[in-house]
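Reader: I would like a careful, close look at one buried or exposed loop position in this model, followed outward to whatever else helps to place it. Please take your time and connect the details as you go.

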Amino acid sequence: MVQIIENAQLKEYNTFGISACASKLCIYTDAADIAQLIADKIITDQTKILVLGGGANMLFVNNFDGLVIHPQNSFIKIIDQDADYCYVEAGAGTNWDEFVEWAVEQKLGGIENLSLIPGTVGASPVQNIGAYGVEAKDSIYSVNVVNLRNGLQRTLTNNECKFGYRNSIFKNELKDQYLVHSVVYKLSRQPQFTTHYGSIQAEIEKLGTPTLKTVRQAIINIRSAKLPDPKVTGNAGSFFKNPTISASEFEVVRSHFPDVVSYDAPNGMVKLAAGWLIDKCGLKGYVNSNGTAGVHSKQALVLVNLGGATGSDILNLSNFVRISVFSKFGINIEPEVIIL
Ligand code: EPU
């Protein structure tokens, strides 16, 4: 069933809690609904379309002069299984953490490190969500999509999705062309735990031995201690991506800042912790002049709506942070959040 709301307020549909209006908001559940919207000429070739899941990675600076499609198809279905794996299809509108919780309860491994990430299943392949040494792409088997211009359905294999760090084909070649309707995850009956990242191992030890449940709980504990709950304080998780620089650029940075936090990246490149760079600029806990927006006091990579922030307040703050990091380190940090 499709529900269409004219001049819809999007405040409840983005985790920053920013007020913005969409010309039309369509809440959809069935893949066939898209073909119906096309037949009814609600979608034409000219219609500007935005697919908005949990809005956990979006910043509205302007009203959206077009059609916002909000998937509300929430389901979890085992579609195949063998001795080693279970293939599980989840609807795009399924709350991501409820899906992770379900998997852990079923003793299926692969996504437990992605516990408590805000948002929906539909966004997981688009953004290739990741945390604590694991990315969604490590467990995605295939992605079922609907063409937004002709309503036809199609399945992309993991390989066809061209996953990268917080990146996929859906943000590049296929940008704005398809709606993710559901995702098939290949989850393991013999989980391999990824516990090398940061303080996970120590946190698990406090809880007992590594099991899917203790790993999930450890991640929940670590995230809750560092990251603001969007239900309480508007935010979109990491606002910036961790930048990747060449080995020679890295040597220059390290010669001035020997304690710089870095990770090896493919092709001899080096990834830096943007949170560390921002923190080193003295910006952790920074608040803008009108008190509406700030840099989170426990994790400098996260920008927060302190109450009544507009999209421009957050954007101006992010520009200030970028300029500060560039002035100190000569490094450009780019938003991970999509700015609209
Ligand atoms: N750090 C600081 N100060 C800060 C923040 C970080 O010094 O204010 C240092 C930390 O001490 C650590 C390093 O920077 O040595 C990295 O910090 P952290 O482990 O918190 O991870 P991150 O690189 O800041 C990334 C993801 C997060 C994900 C965590 C854990 C990106 C852009 N962010 O953050 O993802 O939860 O790793 O895996 O890759 C998100 O995308 O919304 C998100 C929260």
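Author: Helices and strands are taken here as DSSP runs, numbered from the N terminus, with at least four residues for a helix and at least two for a strand. The model is a predicted one, and in it the position to start from is Asn113, which lies in the loop between α2 and α3 (123-127). With a relative accessible area of 1%, Asn113 counts as buried, because the cut-off for that word is under 20%. Its side chain has a polar partner in the backbone: a polar atom of the Asn113 side chain lies 2.9 Å from the backbone oxygen of Thr194. Once the neighbours within four places in sequence are left aside, Asn113 is in contact with Ala131, Tyr132, Val134, Thr194, Ile200, Val215 and Ile219, so Thr194 appears both as a contact and as the polar partner.

One of those contacts leads on to the ligand, since Tyr132 touches Asn113 and is also, together with Tyr165, Arg166, Asp279 and Ala300, among the residues that come nearest to the ligand out of the 24 around it. Three polar approaches to oxygen atoms of the ligand can be described. From Ala300, a backbone N or O atom lies 2.8 Å from a ligand oxygen; from Glu336, an N or O atom in the side chain is 3.0 Å from a ligand oxygen; and from Arg223, a polar side-chain atom lies 3.4 Å from a ligand oxygen. The ligand, taken alone, exposes 820 Å², and the protein buries 82% of that area. The elements that give two or more residues to the shell around it are β8 (130-131), α5 (212-226), β13 (234-238) and α7 (274-280), and α7 gives the most, with three residues. By residue class, the shell divides into eleven nonpolar, six polar and seven charged.

A second buried position, Ser168, can be set beside Asn113. Ser168 belongs to the loop between β11 and β12, and its relative accessible area of 1% makes it buried. Here too a polar side-chain atom meets the backbone, with the backbone oxygen of Val126 2.9 Å from a polar atom of the Ser168 side chain. Not counting residues up to four places away in sequence, Ser168 touches Pro125, Val126, Cys161, Lys162 and Phe163. Of these, Lys162 deserves a separate remark: it sits in the loop between β11 and β12, and its phi is near 45°, a positive value in a residue other than glycine.

Another residue of the stretch between β11 (153-157) and β12 (178-188) is Gln177. Gln177 is partly exposed, with a relative accessible area of 35%, and, apart from its neighbours within four places in sequence, it is in contact with Val146, Asn147 and Leu148. A further positive phi, near 60°, belongs to Asn267, which lies in the loop between β15 (262-264) and β16 (270-272) and counts as exposed at 77% relative accessibility.

Aromatic rings provide the last part of the picture. A pair of aromatic rings is described by the distance of the centres and the angle of the planes. If rings whose centres lie within 6.5 Å are taken as pairs, the count comes to eleven aromatic pairs. Tyr87 and Tyr141 make an edge-to-face pair, 5.0 Å centre to centre with 80° between the planes, and the pair links distant parts of the chain, as Tyr87 is in strand β7 (residues 85-91) and Tyr141 in strand β10 (residues 140-147), 54 residues apart. Of these two, Tyr87 is buried at a relative accessible area of 13%, whereas Tyr141 is partly exposed at 44%. Phe99 and Tyr185 form a tilted pair, 5.4 Å centre to centre and with 55° between the planes. Because Phe99 lies in helix α2 (residues 96-105) and Tyr185 in strand β12, this pair ties together parts that are 86 residues apart in sequence. Both Phe99 and Tyr185 are buried, and with Trp96 and Trp102 they form one aromatic cluster. This returns us to the starting point, for α2 is one of the two helices between which the loop of Asn113 lies.

How values were computed. Residues numbered from 1 in each chain as written. Predicted model: local features only at pLDDT ≥ 70, side-chain atom pairs only at ≥ 80, totals over all residues. Heavy atoms only, no water. Buried < 20%, exposed > 50% of the residue type's maximum accessible area, 1.4 Å probe, protein only. Contact = heavy atoms within 4.5 Å. Near = heavy atom within 4 Å. Polar contact = N/O pair within 3.5 Å; in protein donor to acceptor, adjacent residues only side chain to side chain. Areas by Shrake-Rupley, 256 points an atom, 1.4 Å probe, with all protein chains shown as cover. Nonpolar A, V, L, I, M, F, W, Y, C, P; charged D, E, K, R; others polar. Phe/Tyr/Trp six-rings, centres within 6.5 Å; stacked < 30°, edge-to-face > 60°.
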